Amino acid sequence: MFALFLKDILSLKKTLRLYAIFLIVYSVIGVFTDNSAFFLTFIVLLGMMLPLSAMTLDAACHWNRYAACLPMPRTAQVTSKYLLSVFGILFALLPTGVLMGLHAAGLLPKFALGWPEISLMVTLGLLILAFQMPFLFWFGPERGRFVSIAILLLFCLGIPFLVMQSDIVAVDETFVQHLITHMAALLEAQPWLPLAAALVCNLVSACISSAIFSRKEID
């Protein structure tokens, strides 16, 4: 398991460096604009893109054919991709922890995030990961990406209409920020609950992905 995880990390060295640059840029933008949506956006994107990038490289190198000849179960390959995504989400939280430390020390006078918001961000990243992964293993990284994104877009576009329950109104750029603020306030008393639920969803998702990948023919 650790060898598979290390293989993905080493194959994504250049990609991780690029993500690190974007992470710094998003953190700076989030601080200067006092907008936690920038942090949320990058954490969600990183959780989605890391397994997709790793699976795309595996497909290009025909890794699955080689792995089929090795004495390891296919479930190990599935689990390693989930661990890679969790690693990416934790990696994206590093600047947030540094900024929170600077804020606590009085070196950063204003910072938009607290523990409830961080819990919510990680939860959303894990939920999207749990939703996306079975599609990637079912359809492959290319088609699975389009299928999962299309379903997510339909779902996200439907939320404003369900919330408004009135005439069609354009959703402005602060919609995500308001959504985060209200949900964080509701979950402030027990911020661990959404994380626990997201982890359970990922366990179920990993079982589904393992079942799909175990029955899939290697091309």
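Which helix of the chain has the lowest mean pLDDT, and which the highest? In this predicted model, the low end belongs to helix α8 (residues 175–186), with a mean of 61, while α9 comes out on top at 90. Taken as a whole, the chain averages a pLDDT of 77, and 74% of the residues score at least 70. Residues 166–173 are a weak spot: the pLDDT there is below 50, and the stretch has 4 contacts in the model beyond near neighbours in sequence. Where pLDDT is low, the predicted coordinates should not be read in detail.

Now for the inside. The largest nonpolar core has 18 residues, and those with the most contacts inside it are Tyr82, Ile118, Val122, Leu126, Met133 and Phe137. Four helices, α3 (37–60), α5 (74–104), α6 (115–139) and α9 (192–215), each chip in at least two residues. The biggest giver is α6, with 8 residues. Leu126 shows what such packing looks like: leaving aside residues up to four places away in sequence, Leu126 touches Val86, Ile89, Leu195, Ala198, Leu199 and Asn202. There is also a second, separate core of 12 residues, with Leu12, Leu16, Tyr19 and Leu46 among them.

Not everything nonpolar is tucked away, though. In soluble globular proteins, nonpolar side chains tend to be buried together. Here, Leu18, Ile21, Phe22, Val25 and Ile29 make a nonpolar surface patch of about 420 Å². Ile29 sits in helix α2 (residues 13–33). Ile29 counts as partly exposed because its relative accessible area is 31%, which lies between the 20% and 50% cut-offs for buried and exposed.

Methods
Residues are numbered from 1 along each chain as its sequence is written. This is a predicted model: local features need pLDDT of at least 70, side-chain atom pairs count only at pLDDT 80 or more; totals for chains, interfaces and linings use all residues. Side-chain values use heavy atoms; hydrogens and water are left out. Patches are made of residues with over 30% relative accessible area and no salt bridge: like charges are joined within 9 Å, nonpolar side chains (Val, Leu, Ile, Met, Phe, Trp, Tyr) within 5 Å. Accessible areas come from the Shrake-Rupley method with a 1.4 Å probe; for residues, only the protein chains shown count as cover. A salt bridge is a side-chain nitrogen of Lys or Arg within 4 Å of a carboxyl oxygen of Asp or Glu. Buried means under 20% relative accessible area, exposed over 50%, partly exposed in between (1.4 Å probe, protein chains only). A nonpolar core is a set of buried Ala, Val, Leu, Ile, Met, Phe, Trp, Tyr and Cys residues joined through side-chain atoms within 4.5 Å. Contact means heavy atoms within 4.5 Å. pLDDT is the predictor's confidence in each residue, from 0 to 100.
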